[in-house]
Amino acid sequence: MNHELSAHFKQTLSATGMVAILRGVRPDEVVAIGEALYAAGFRLIEVPLNSPEPLESIRRLLAALPQDAIIGAGTVMSPAAVQEVHDAGGRLVVMPHADLAVVRAAHAAGMVVTPGVATPTEAFAALDAGADGLKAFPAEAMPPVVIKAWRAVVPKSVPLLPVGGIKPQSMQAYLEAGASGFGLGSALYRAGDDAATVGRNAAAFMSSWRALRQDV
(Lines give C-alpha, C1' and ligand atoms only; values in the text may rest on other atoms or scores of the structure.)
Protein backbone atom coordinates (compact mmCIF):
# COMPACT_ATOMS: atom_id res chain seq x y z
CA MET A 1 0.00 0.00 0.00
CA ASN A 2 1.18 3.51 -0.84
CA HIS A 3 0.01 5.55 2.14
CA GLU A 4 1.15 8.83 0.56
CA LEU A 5 -0.79 8.17 -2.65
CA SER A 6 -3.88 7.04 -0.73
CA ALA A 7 -3.80 10.23 1.33
CA HIS A 8 -3.30 12.32 -1.83
CA PHE A 9 -6.28 10.60 -3.45
CA LYS A 10 -8.53 11.33 -0.48
CA GLN A 11 -7.39 14.95 -0.28
CA THR A 12 -7.86 15.42 -4.01
CA LEU A 13 -11.30 13.86 -3.91
CA SER A 14 -12.30 16.07 -1.00
CA ALA A 15 -11.21 19.15 -2.95
CA THR A 16 -12.43 18.30 -6.44
CA GLY A 17 -15.17 15.76 -5.77
CA MET A 18 -15.40 13.92 -9.06
CA VAL A 19 -13.71 11.21 -11.09
CA ALA A 20 -13.92 11.67 -14.86
CA ILE A 21 -14.72 8.44 -16.71
CA LEU A 22 -13.53 8.60 -20.31
CA ARG A 23 -15.12 5.46 -21.71
CA GLY A 24 -14.43 5.16 -25.43
CA VAL A 25 -11.77 7.86 -25.62
CA ARG A 26 -9.00 7.39 -28.21
CA PRO A 27 -5.30 8.10 -27.69
CA ASP A 28 -5.27 10.73 -30.44
CA GLU A 29 -7.88 12.84 -28.62
CA VAL A 30 -7.24 12.06 -24.97
CA VAL A 31 -4.67 14.78 -24.27
CA ALA A 32 -6.92 17.64 -25.41
CA ILE A 33 -9.81 16.19 -23.40
CA GLY A 34 -7.61 15.65 -20.35
CA GLU A 35 -6.35 19.21 -20.54
CA ALA A 36 -9.92 20.52 -20.73
CA LEU A 37 -10.84 18.50 -17.66
CA TYR A 38 -7.78 19.71 -15.77
CA ALA A 39 -8.52 23.33 -16.66
CA ALA A 40 -12.05 22.92 -15.27
CA GLY A 41 -10.66 21.62 -11.99
CA PHE A 42 -10.72 17.84 -12.41
CA ARG A 43 -7.74 15.95 -10.98
CA LEU A 44 -9.01 12.33 -11.05
CA ILE A 45 -9.33 10.66 -14.44
CA GLU A 46 -9.95 7.04 -15.41
CA VAL A 47 -9.77 5.47 -18.84
CA PRO A 48 -11.89 2.29 -18.88
CA LEU A 49 -10.03 -0.68 -20.24
CA ASN A 50 -12.78 -1.38 -22.77
CA SER A 51 -11.80 1.84 -24.57
CA PRO A 52 -9.59 1.85 -27.70
CA GLU A 53 -5.92 1.43 -26.69
CA PRO A 54 -6.59 2.45 -23.08
CA LEU A 55 -3.04 1.93 -21.82
CA GLU A 56 -1.69 4.28 -24.48
CA SER A 57 -4.27 6.88 -23.47
CA ILE A 58 -3.16 6.53 -19.85
CA ARG A 59 0.48 6.98 -20.84
CA ARG A 60 -0.35 10.12 -22.86
CA LEU A 61 -2.38 11.65 -20.04
CA LEU A 62 0.45 11.00 -17.59
CA ALA A 63 2.91 12.72 -19.91
CA ALA A 64 0.67 15.71 -20.57
CA LEU A 65 -0.93 16.59 -17.24
CA PRO A 66 0.68 17.97 -14.07
CA GLN A 67 1.72 15.47 -11.43
CA ASP A 68 -1.10 16.38 -9.05
CA ALA A 69 -3.52 14.62 -11.42
CA ILE A 70 -4.20 10.99 -10.52
CA ILE A 71 -4.62 8.95 -13.69
CA GLY A 72 -5.65 5.34 -13.98
CA ALA A 73 -8.05 2.82 -15.41
CA GLY A 74 -11.64 1.77 -14.99
CA THR A 75 -13.32 -1.55 -15.77
CA VAL A 76 -10.31 -3.36 -14.34
CA MET A 77 -11.43 -6.98 -14.19
CA SER A 78 -8.40 -9.09 -13.24
CA PRO A 79 -5.07 -9.02 -11.38
CA ALA A 80 -3.33 -9.26 -14.76
CA ALA A 81 -5.09 -6.07 -15.87
CA VAL A 82 -3.97 -4.37 -12.66
CA GLN A 83 -0.38 -5.17 -13.58
CA GLU A 84 -0.83 -3.79 -17.08
CA VAL A 85 -2.20 -0.51 -15.72
CA HIS A 86 0.64 -0.33 -13.20
CA ASP A 87 3.23 -0.93 -15.93
CA ALA A 88 1.68 1.91 -17.97
CA GLY A 89 2.16 4.25 -15.02
CA GLY A 90 -1.45 4.36 -13.84
CA ARG A 91 -2.01 4.98 -10.15
CA LEU A 92 -5.77 4.48 -9.93
CA VAL A 93 -7.78 1.26 -10.34
CA VAL A 94 -11.56 1.49 -10.56
CA MET A 95 -13.70 -1.63 -10.82
CA PRO A 96 -17.37 -2.30 -11.61
CA HIS A 97 -17.34 -5.20 -9.18
CA ALA A 98 -15.84 -6.31 -5.86
CA ASP A 99 -13.46 -9.09 -6.90
CA LEU A 100 -11.20 -9.27 -3.85
CA ALA A 101 -8.31 -10.71 -5.87
CA VAL A 102 -8.27 -7.54 -7.98
CA VAL A 103 -8.53 -5.32 -4.90
CA ARG A 104 -5.62 -7.12 -3.25
CA ALA A 105 -3.49 -6.96 -6.40
CA ALA A 106 -3.95 -3.20 -6.73
CA HIS A 107 -3.36 -2.69 -3.02
CA ALA A 108 -0.16 -4.77 -3.16
CA ALA A 109 1.03 -2.74 -6.17
CA GLY A 110 0.68 0.49 -4.20
CA MET A 111 -2.18 1.80 -6.31
CA VAL A 112 -5.41 3.47 -5.24
CA VAL A 113 -8.28 1.03 -5.71
CA THR A 114 -12.00 1.78 -5.67
CA PRO A 115 -14.13 -1.32 -6.29
CA GLY A 116 -17.78 -1.31 -7.25
CA VAL A 117 -20.07 -2.47 -4.46
CA ALA A 118 -23.82 -2.81 -4.14
CA THR A 119 -24.25 -4.24 -0.64
CA PRO A 120 -22.73 -3.56 2.80
CA THR A 121 -21.29 -7.09 2.77
CA GLU A 122 -19.37 -6.32 -0.43
CA ALA A 123 -18.34 -2.94 0.93
CA PHE A 124 -16.77 -4.23 4.13
CA ALA A 125 -15.12 -7.19 2.41
CA ALA A 126 -13.54 -4.79 -0.10
CA LEU A 127 -12.30 -2.50 2.66
CA ASP A 128 -10.80 -5.45 4.50
CA ALA A 129 -8.97 -6.43 1.29
CA GLY A 130 -7.42 -2.96 1.00
CA ALA A 131 -9.86 -0.76 -0.90
CA ASP A 132 -9.17 2.99 -0.59
CA GLY A 133 -12.74 3.97 -1.41
CA LEU A 134 -16.05 2.49 -2.50
CA LYS A 135 -17.84 2.95 -5.81
CA ALA A 136 -21.59 2.68 -5.17
CA PHE A 137 -22.67 1.17 -8.47
CA PRO A 138 -25.00 1.50 -10.19
CA ALA A 139 -26.21 4.67 -8.50
CA GLU A 140 -29.52 4.44 -10.35
CA ALA A 141 -30.29 1.45 -8.09
CA MET A 142 -28.86 3.15 -4.99
CA PRO A 143 -30.77 6.39 -4.32
CA PRO A 144 -29.68 8.84 -1.62
CA VAL A 145 -31.71 7.03 1.05
CA VAL A 146 -29.53 3.96 0.52
CA ILE A 147 -26.33 6.00 0.70
CA LYS A 148 -27.58 7.54 3.95
CA ALA A 149 -28.14 4.09 5.44
CA TRP A 150 -24.68 2.96 4.32
CA ARG A 151 -23.05 6.04 5.78
CA ALA A 152 -24.47 5.16 9.18
CA VAL A 153 -22.04 2.22 9.29
CA VAL A 154 -19.31 3.04 6.73
CA PRO A 155 -16.74 5.32 8.41
CA LYS A 156 -16.73 8.92 7.19
CA SER A 157 -13.03 8.53 6.43
CA VAL A 158 -13.91 6.06 3.64
CA PRO A 159 -14.70 7.77 0.32
CA LEU A 160 -18.11 6.70 -0.97
CA LEU A 161 -18.78 7.59 -4.61
CA PRO A 162 -22.10 7.00 -6.38
CA VAL A 163 -21.47 6.19 -10.05
CA GLY A 164 -24.06 5.87 -12.80
CA GLY A 165 -26.48 8.47 -14.12
CA ILE A 166 -25.14 11.31 -12.00
CA LYS A 167 -26.00 14.81 -13.25
CA PRO A 168 -25.36 18.24 -11.71
CA GLN A 169 -28.95 18.45 -10.46
CA SER A 170 -28.80 15.06 -8.70
CA MET A 171 -25.66 15.73 -6.71
CA GLN A 172 -27.12 17.65 -3.77
CA ALA A 173 -29.30 14.84 -2.42
CA TYR A 174 -26.40 12.39 -2.53
CA LEU A 175 -24.03 14.78 -0.78
CA GLU A 176 -26.60 15.46 1.94
CA ALA A 177 -26.92 11.68 2.37
CA GLY A 178 -23.19 11.30 2.93
CA ALA A 179 -21.61 10.74 -0.48
CA SER A 180 -17.99 11.90 -0.75
CA GLY A 181 -18.03 12.60 -4.47
CA PHE A 182 -19.03 11.04 -7.77
CA GLY A 183 -17.86 9.12 -10.78
CA LEU A 184 -19.06 10.83 -13.94
CA GLY A 185 -19.62 9.01 -17.20
CA SER A 186 -21.78 9.91 -20.17
CA ALA A 187 -23.08 13.18 -18.72
CA LEU A 188 -19.47 14.39 -18.74
CA TYR A 189 -18.00 12.58 -21.73
CA ARG A 190 -19.44 10.44 -24.51
CA ALA A 191 -17.28 8.78 -27.12
CA GLY A 192 -16.85 11.27 -29.93
CA ASP A 193 -17.23 14.42 -27.82
CA ASP A 194 -14.57 17.01 -28.54
CA ALA A 195 -12.50 18.78 -25.92
CA ALA A 196 -14.63 21.92 -26.01
CA THR A 197 -17.80 19.95 -25.26
CA VAL A 198 -16.12 18.08 -22.43
CA GLY A 199 -14.76 21.34 -21.06
CA ARG A 200 -18.25 22.86 -20.93
CA ASN A 201 -19.68 19.77 -19.25
CA ALA A 202 -16.81 19.68 -16.78
CA ALA A 203 -17.25 23.35 -15.91
CA ALA A 204 -20.96 22.82 -15.21
CA PHE A 205 -20.26 19.89 -12.91
CA MET A 206 -17.47 21.68 -11.10
CA SER A 207 -19.59 24.80 -10.62
CA SER A 208 -22.33 22.68 -9.04
CA TRP A 209 -19.81 20.82 -6.87
CA ARG A 210 -18.28 24.00 -5.50
CA ALA A 211 -21.66 25.60 -4.81
CA LEU A 212 -22.95 22.48 -3.06
CA ARG A 213 -19.86 22.04 -0.92
CA GLN A 214 -20.54 25.47 0.56
CA ASP A 215 -24.05 24.39 1.52
CA VAL A 216 -23.68 20.76 2.60
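Three strands make up an open sheet in the order β6-β7-β8, with parallel pairing. Its edge strands, each pairing on one side only, are β6 (116–117) and β8 (160–162). Strands here are DSSP runs of E with at least two residues, helices are runs of H or I with at least four residues, and both are numbered from the N terminus. Two strands pair if DSSP finds at least two bridges between them. In general, strands of a sheet pair through backbone hydrogen bonds, either parallel or antiparallel.

The model is predicted: local features need pLDDT of at least 70, side-chain atom pairs count only at pLDDT 80 or more, and totals for chains, interfaces and linings use all residues. Residues are numbered from 1 along each chain as its sequence is written, and side-chain values use heavy atoms, with hydrogens and water left out.

**Overall form**

The protein contains nine helices and nine strands. Its radius of gyration, taken over C-alpha atoms, is 16 Å, which agrees with the value near 17 Å for a compact globule of 216 residues (the rule is 2.2 Å times the number of residues to the power 0.38). Along the principal axes, the C-alpha atoms fill a box of roughly 45 × 35 × 30 Å. Of the 216 residues, 50% are buried, meaning under 20% relative accessible area with a 1.4 Å probe and protein chains only. Contacts are heavy atoms within 4.5 Å; among those between residues at least 6 apart in sequence, 61% join residues at least 24 apart.

**Strand pairing**

The table lists parallel strand pairs with their bridges and bridge partners.

| Strand pair | Bridges | Bridge partners |
|---|---|---|
| β1 (residues 18–21) and β2 | three | V19 and L44 |
| β1 and β9 (residues 182–184) | three | A20 and L184 |
| β6 and β7 (residues 134–136) | two | G116 and K135 |

A20 of β1 stands opposite L184 in β9 and also opposite I45 in β2.

**Burial of β1 and β2**

How many residues of strand β2 are buried? Five of the five residues of β2 (residues 44–48) are buried, so this strand is largely enclosed by the rest of the structure. On one side of β2 the buried residues are L44, E46 and P48, and on the other they are I45 and V47. Strand β1 likewise has both faces covered: M18 and A20 are buried on one side, V19 and I21 on the other.
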